[in-house]
Each structure stands twice: as structure tokens, then as C-alpha cells.
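The following exercises concern the surroundings of a ligand, the geometry of a helix and the burial of selected residues. Each task is followed by a worked solution.

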Amino acid sequence: MRLRIGYFYPEQLNLYGDNGNVEILVYRAKKRGIDVEVENVGLQTSLGKKFDLVLMGGGPDSSQKEVYEDLIKVKGVYLKDYINSGGFGLYICGAYQLLGNYYKSADGSVLEGLGAFDLYTEHFGNKKPRCIGNVVCELSDEFRHKEVFNSVNKIGSTLVGFENHGGRTYLGEKMLPLGKIITGHGNNSGDGYEGVLYKNSIGTYLHGPVLSRNPHLADYLVAASLGLDRLESLDDSLILSAHIASKKLRQ
Ligand code: GLN
């Protein structure tokens, strides 16, 4: 069995260890005897391959602007089709913002987004503080009740991570959040939601990398993207204690 990962803009969109998410998926898949193929999809890369799982990291406004043209004009059609046809994906912070309807950046310039997710993000410049710090969120029922997630989950119903974003995201009426904030700012430091769930795509503000202290999310992505209903257990005792310790961290 082979897991084909498409890692978009690894050079531009990689903050707070986001590229570690790929390494963690490769490690956990190989531990189960699953071959892994990682394709770095950069500015110059043309698309043709089929992926089981797509990842895209976060970045400062400058990096988002660096990939913007290519994302919208070159990769946009492929990615939107991939997302709308139920392709599995994990989109972190700056990527999550660009897949929405628009991102109003710190200098006030507006980047029309890919519109794959019905949400928008606004950066209020220095009118509102950045959303920075440790995050704990309670996964939404929709996610927690996924059969594959339940079969691989040995951690519980929380996600932990780190956030640093100036943009505040507002979900469209029909969009489901990934979870509810327990500690931290989440989407907009107002409505108490974190991230988005759309078909098999996950958008989140969690860096860290997010999969480092959330092996239940990593295993869900490996299993579900390959159509597996379970995975052999790994000894995650150390990660579990890191997850539990992170829940005690203040913002
Ligand atoms: N540049 C965006 C913002 O500030 C995204 C930041 C990030 O990816 N951490 O909101």
C-alpha cells in the first residue's frame, strides 16, 4: 500500500514547524508498513499526479503574497476540484485563509481567495492584537463521531497546538468548525470556534507542527485517506504525556 502526499509550497508556507507534519505522517505510515511518496509542489511545479493527501502550511503575509498568483491562477482549479471531490487535506493558518473567499492582509490589501471554503479573513492591522499563544480545542461532534477517527483515537477529544496570526476568520453559515476553543483565540478570538471542516478537508490555525502532539489526527489522516478503517497501534505514551501537559499550559 502507498500513501501519496502532495506538499504545497514547502519553501514559502512553513511556519512553526509546519513541514514537520509531513515527516510525522511519513513516520507513522511507515511504522505500519505503508510506503509513502511525498511530492513537493512548488511555484514552478506543474500538477498531474494524483494525491491521497494534500498538505499546505502557514506563512507571513509576504509569503502568502509570494504564492498567491500561482495558487489562484495555476494550482487553483486542481485544488478546488480536489477539495470539492472529497480529497483529504490539512491546511494550516495562512493556507487555510487563502482557501477562503478573501484575505484582507495587514496592509489592507485584499487577496481574493480560492473560494474552496466559504469563509473570510480580515487582519485588523494594529487595531486588534495578534492571536498568539498555546491553544487547546475540543473537537467538534462531527469530527469526533467519524468512525475511522474513533478507531485510531487513543488520545481523546482535544487538539493542542500553537497559534500566531493577525488575520481573524469568520465561517460561512453552513461551514462546520473543527472544534471549540478551550484555551487560546482560534478563528477570531470571538465566536469560540477553531478551524473548519469541509468535506474531507481540515483547516486549522494550529501550528507546532499540529500533528506532533496530536497523533490521533495524524492517524486519522493516514487511515482515512487510504480508505482504511483501522491502523496497528503505536506506543504513543510519550506523546500522550506531552498532549496532557500541553492542556495545562496557559495561553
Ligand atoms: N499571515 C497570516 C496572518 O497573520 C497567517 C499567519 C500564519 O500562517 N501563521 O494571519
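A polar contact is a pair of N or O atoms within 3.5 Å; within protein, one atom must be able to donate a hydrogen and the other to accept it. The model examined here is predicted.

**Exercise 1.** Determine which side chains make polar contacts with the side chain of H243, and state whether H243 is buried or exposed.

*Solution.*
Step 1. Locate the residue: H243 belongs to helix α7, which comprises residues 237–247.
Step 2. Apply the cut-off to the pair with N214: the side chains of H243 and N214 are joined at 3.3 Å, a polar contact.
Step 3. Turn to T158, whose side chain makes a polar contact of 2.8 Å with that of H243.
Step 4. Assess burial. Buried means under 20% relative accessible area. H243 has a relative accessible area of 1% and is therefore buried.

**Exercise 2.** Describe the shell of residues around the ligand and identify the polar atoms of the protein that approach the ligand.

*Solution.*
Step 1. Count the shell: the ligand is surrounded by 16 residues, and the closest are G59, D61, Q64, C93 and G167.
Step 2. Classify the shell: ten of its residues are polar, four are nonpolar and two are charged.
Step 3. Examine the nitrogen atoms of the ligand. A polar side-chain atom of Q64 is 2.8 Å from a ligand nitrogen, and a backbone N or O atom of N164 is 2.9 Å from a ligand nitrogen.
Step 4. Examine oxygen: a backbone N or O atom of G94 lies 3.1 Å from an oxygen atom of the ligand.
Step 5. Evaluate the cover. The ligand taken alone exposes 300 Å², of which the protein buries 99%.
Step 6. Assign the shell to elements: two or more residues come from each of α2 (61–84), α3 (94–98) and β9 (158–165).

**Exercise 3.** Compare the span of α2 with that of a straight helix and find where α2 is kinked.

*Solution.*
Step 1. Establish the reference: at 1.5 Å a residue, a straight helix of 24 residues would span 34 Å.
Step 2. Compare with the model: the end C-alpha atoms of α2 are only 26 Å apart.
Step 3. Find the bend: α2 has a kink of about 75°, centred on K75.
Step 4. Inspect burial: K75 is itself among the buried residues of α2, which also include D61, Q64, Y68 and G76.
Step 5. Inspect the end: G86, just after α2, takes a positive phi of about 90°.

**Exercise 4.** State how many residues of α6 are buried, and describe the residue with positive phi that follows α6.

*Solution.*
Step 1. Count: eleven of the eleven residues of α6 (residues 215–225) are buried, so that the helix is mostly covered.
Step 2. Name examples: the buried residues include P215, H216, D219 and Y220.
Step 3. Look beyond the helix: G227 follows α6 and has a positive phi, near 70°.

**Exercise 5.** Decide whether the loop residues L178 and H185 are buried or exposed.

*Solution.*
Step 1. Place L178 in the loop between β10 (167–171) and β11 (179–183).
Step 2. Because its relative accessible area is 0%, L178 is buried.
Step 3. Relate L178 to E138: 40 residues separate them in sequence, and their C-alpha atoms are 8.5 Å apart.
Step 4. Place H185 in the loop between β11 and β12 (193–194).
Step 5. H185 has 16% relative accessibility and therefore counts as buried.
Step 6. Add its contact: the side chains of H185 and S189 form a polar contact of 2.8 Å.

How values were computed
Residues numbered from 1 in each chain as written. Predicted model: local features only at pLDDT ≥ 70, side-chain atom pairs only at ≥ 80, totals over all residues. Heavy atoms only, no water. Near = heavy atom within 4 Å. Areas by Shrake-Rupley, 256 points an atom, 1.4 Å probe, with all protein chains shown as cover. Helix = DSSP H or I, 4+ residues; strand = E, 2+ residues; numbered from the N terminus. Nonpolar A, V, L, I, M, F, W, Y, C, P; charged D, E, K, R; others polar. Expected span 1.5 Å × (residues − 1). Bend = angle between axes of the 7 residues up to and from the residue. Buried < 20%, exposed > 50% of the residue type's maximum accessible area, 1.4 Å probe, protein only.
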